[in-house]
Amino acid sequence: MNMQEAKDTALKIINESRVGTMATMENNKPHTRYMTFFNDGFTLYTPTSRKTQKVDEVDANPYTHILLGYEGEGYGDEYVAIEGVVTKADDESLKERMWHEQMSMYFDGPDDPDLLLLKVEPTEILVMNKKGQEPAQVELNSGS
């Protein structure tokens, strides 16, 4: 897979996949949970409550590992493995833009004071398991 194919495939998976795993560190051990993701290009956002353990974990160590796209069919299912740096995104207009009705199970609305978006800036993206091919690295640059 060439660089452009890897980039196109990764962006397609990220655009179409909303649920994935997010790993952080807790007491020097990995801690993984399923999260809902939204994206702007390769930048990911995930909503959470300010009161969650993961907020404390990313405050202590901002690095994360995310898996998106696996459909559960077995060998050959493509997905992306993303390493990135997490920051807090508290912008009201961004919360408004990322709001989804399913979030109302947890929050009163985009202006709920407990709602926080975690922003993930990828440092590495790999397209994995594409029809048994070797992992393909996505070239990340300022134009991504």
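These exercises work through one helix and several salt bridges of the structure above.

The model is predicted: local features need pLDDT of at least 70, side-chain atom pairs count only at pLDDT 80 or more, and totals for chains, interfaces and linings use all residues. Residues are numbered from 1 along each chain as its sequence is written, and side-chain values use heavy atoms, with hydrogens and water left out.

**Exercise 1. Helix H2**

Task: Determine which residues of helix H2 are buried, and how they are arranged about the axis.

Solution.
- Step 1. Locate the helix. H2 covers residues 53-60. Helices (H or I, at least four residues) and strands (E, at least two) are DSSP runs, numbered from the N terminus.
- Step 2. Pick out the buried residues. They are Lys54, Val55, Glu57 and Val58. Buried means under 20% relative accessible area, exposed over 50%, partly exposed in between (1.4 Å probe, protein chains only).
- Step 3. Look down the axis. The buried residues of H2 fall within an arc of 160 degrees, so they line one face of the helix. The arc is taken over the directions from the helix axis to the C-beta atoms.
- Step 4. Turn to the face pointing away from the buried side. There sit the exposed residues Asp56 and Ala60.
- Step 5. Find the packing partners. The buried residues of H2 pack against strands S1 (19-26), S2 (29-36), S4 (43-49), S6 (79-89) and S7 (115-128). Contact here means heavy atoms within 4.5 Å.

**Exercise 2. Two bridges from the loop between S4 and H2**

Task: Find the salt-bridge partners of Arg50 and Lys51, and place each pair in the chain.

Solution.
- Step 1. Set the criterion. A salt bridge needs a side-chain nitrogen of Lys or Arg within 4 Å of a carboxyl oxygen of Asp or Glu. The whole structure holds eight.
- Step 2. Take Arg50. Its partner is Asp90, with the closest N and O atoms 2.5 Å apart. Asp90 lies in the loop between S6 and helix H3 (92-98), Arg50 in the loop between S4 and H2, 40 residues apart.
- Step 3. Check exposure. Asp90 is partly exposed at 39%. Arg50 is partly exposed at 33%.
- Step 4. Take Lys51. It bridges to Asp114 (3.4 Å, N to O). Asp114 is in the loop between H3 and S7, Lys51 in the loop between S4 and H2, 63 residues apart.
- Step 5. Check exposure again. Asp114 is partly exposed at 26%, whereas Lys51 is exposed at 67%.

**Exercise 3. A network**

Task: State which residues are linked with Arg50 in a network of salt bridges.

Solution.
- The network links Arg50, Asp90, Glu92 and Lys95.
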